[in-house]
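User: I'd like to go through this structure with you and ask how each label was earned. Could you show it first?

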Amino acid sequence: MSLNLSLKKILVVDDFPEMRSAMKRMLLSLGAKDVDAAKNGREALALITRKAYDLVLCDYNLGEGKDGQQVLEEAKHKELVGFSTVFIMVTAENAMDTVMAVVEYGPDDYLTKPFAKDVLASRVEKAFNKKMDLNEIESAMAKKDYRRALELCDEKMAGKPRNLGELLRLKGEILIKVGRYPEAEKLYEGVLAIRSVPWAELGLGRAKFLATKYLEARDVLSDLSKKKRDYVQAYDWLAKTQEEVGATREAQATLEAAIELSPKAIQRQKALAQVAMKNEDFQAAEKAFRKTVFLGKESIYRDPADYAGLAKVLTINKSSGEAMKVLNNAKQEFQNDRAANLQIALAEGDVMRRLEREKEANDAYGRAMEIHETVTEDLPYQVSVDAAKAAFLIGDSDKGSALMRDIVLNYSEDPRAMAAAQHAFEEAGLGADGKDLITAVKGELVKLNNQGVQLVKEGKLEDATRFFLDAVKGMPKNKTANLNAAQVMLMSMQKSGPDNRYLYKVRECLDRAREIDPNDKQLQKLSDLFFHLSGQH
């Protein structure tokens, strides 16, 4: 195809007015008609939120606030840019850490300033050629109709298009997203049988890892990281596999090697901090947590848990005064975020307890309990476990047991959550009580499920729907409850026809179940049935 920008919606992001104007003039001279401009990351994200752009040209250094990497990171995280969007990073720097940071966040290309109009035209055309015909697939994915998205990939690949590699790559990502790991493995192996492609090797390693084939995944990813030493994503997944097989020292070394190449990735720094804590390498953990907190200032991945982690390791490293400064800074950073303030209060209690300042520890834990009463959003299970442990430590066993009960109701199918819950009971000297509570609540869940199933057997679908939806209200993170609620509503619609009330609720239940376990076979079947019924509506 020849470059045609006349119907493309374009955004130019640069902090220098002259450069914004120059890029805009180039684009207009190439036939563009709809070109917007932003002078910083905040403006860029506001515009991307309101308008679906086909092309984004974004400078890496944007002055104060978010840089281009963080704009792309947030836009992808919030799904503000789709697979068909061309995102090109522009940079005046050629330092290795900057180039690595630019490349690893997956822009479609990057341009080094200064560049001529013909270079811009060539690179934009090449990027659009790779992205052609992805709009329909993207539309299906936006509706979470992954079955249709995969069908469209196959239909388009059957025509032997020029962007075959991009379609194969996208199909692999969809298969991984929906937990169809054996099919993803087969696809990547097919690509690699023709030629060695790093993205396919990485995809194969990821698919094997997610299918819990950790040793096979380790071999694939280790080989890739040796062959392609600057392909840092391979290091991240290799470290995950090493952790899973208990090789935490090797995982730490792998992440440190990746950070040598590309130190600006916040998630990698956080992973290093956490594995260093496991290894009791507290100097390395402190360094990584410091970098994580620094990088998080303008990042979508800013997390109060990182401040808590830094405070904890500073206390271990005999810097308790600085630890309290970190937590006070966190209070300012997250002052209007109740869930964050809960984590900060819990961390303050832990710091004071480690310093054997029991009264101040109990005061902090007491504040945490008060804040917990006001938190309305879902919390990560580890935060809920920490809150329950704090309740036990201040002698409020009823509150601690109630929190633990909620954790078991929601996460009974997650062995890591159950291990964390039992560990908290043991730390409070209540190990036997913990085992009894977990066993009892799991027994209640079995009885609850049997009651709903009995209503279905008796043909009382309306009653069964109300029953399972009530169950989901009480335990929104329970996979089985969500799948059962979705199934009974779908059964009702198969009998009586599609119903908007049910279609909306089914989608909610399936989305929650997919977040918990995308590999669930029942989820795949119910998703297909859902899109069949919604397509009839």
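Analyst: Happily! Let's begin with one cut-off: a residue is called buried when its relative accessible area is under 20%. Please keep in mind that this is a predicted model.

User: Thanks. What makes strand β4 largely enclosed?

Analyst: The count of buried residues does. β4 covers residues 86–91, and six of the six are buried, so the rest of the structure largely encloses this strand. Both faces contribute: Val86, Ile88 and Val90 point one way, Phe87, Met89 and Thr91 point the other way, and all are buried.

User: Which strands pair with β4, and in what sense?

Analyst: β3 (residues 55–59) pairs with β4 in the parallel sense over five bridges. One bridge there joins Leu55 to Val86 in β4. Between these two strands the chain passes through helix α3 (residues 68–77), and this β-α-β crossover is right-handed. The other partner is β5 (residues 109–112), parallel to β4 over four bridges, with Val90 opposite Leu111 in β5.

User: How do you know that β4 and β5 count as paired?

Analyst: Pairing calls for at least two bridges between the strands. β4 and β5 have four bridges, so the condition is met.

User: And what about β1 and β3?

Analyst: The argument is alike: β1 (residues 9–13) and β3 share four bridges in the parallel sense, against a requirement of at least two. Leu11 has Val56 in β3 as its bridge partner.

User: What makes β2 and β5 the edge strands?

Analyst: The open sheet has five strands in the order β2-β1-β3-β4-β5, with parallel pairing. β2 (34–38) and β5 each pair on one side only, which makes them the edges. From one strand to the next, the twist averages 20°.

User: Which helices lie across these strands?

Analyst: Among them are α2 and α5. Helix α2 (residues 41–50) lies across β1 and β2, at about 145° to β2. Helix α5 (residues 117–131) lies across β3, β4 and β5, running at about 175° to β5.

User: Why is α10 called roughly parallel to α12?

Analyst: Helix α10 (residues 198–210) packs against helix α12 (residues 232–244) at an angle of about 25°, and their axes are 10 Å apart. Angles under 35 degrees count as roughly parallel, so α10 earns that name relative to α12. Their crossing is left-handed. On the α10 side, Leu202, Arg206, Phe209 and Leu210 make the contact; on the α12 side, the residues are Gln233, Ala234, Trp237, Lys240, Thr241 and Glu244.

User: Why does the label roughly parallel also fit α16 and α18?

Analyst: Helix α16 (residues 304–316) and helix α18 (residues 338–354) pack at about 10°, with axes 9 Å apart. Set against the cut-off of 35 degrees, that angle makes α16 roughly parallel to α18. Among the residues that meet are Pro304, Ala308 and Ile316 in α16 and Ala340, Ala347 and Arg354 in α18.

User: One last residue: why is Gln269 counted as buried?

Analyst: Gln269 has a relative accessibility of 5%. Buried means under 20%, so Gln269 counts as buried. Gln269 sits in helix α14 (residues 266–278). Leaving aside residues up to four places away in sequence, Gln269 touches Ile259, Pro263, Ala288, Lys291, Thr292 and Leu295.

Methods
Residues numbered from 1 in each chain as written. Predicted model: local features only at pLDDT ≥ 70, side-chain atom pairs only at ≥ 80, totals over all residues. Heavy atoms only, no water. Buried < 20%, exposed > 50% of the residue type's maximum accessible area, 1.4 Å probe, protein only. Right-handed = clockwise from strand over helix to strand, strands pointing away. Axes fitted to C-alpha atoms, helices over the stretch in contact; angles between N-to-C directions. Parallel < 35°, antiparallel > 145°, perpendicular 65-115°, else oblique. Left-handed = near helix turned anticlockwise from the far one by under 90°. Contact = heavy atoms within 4.5 Å.
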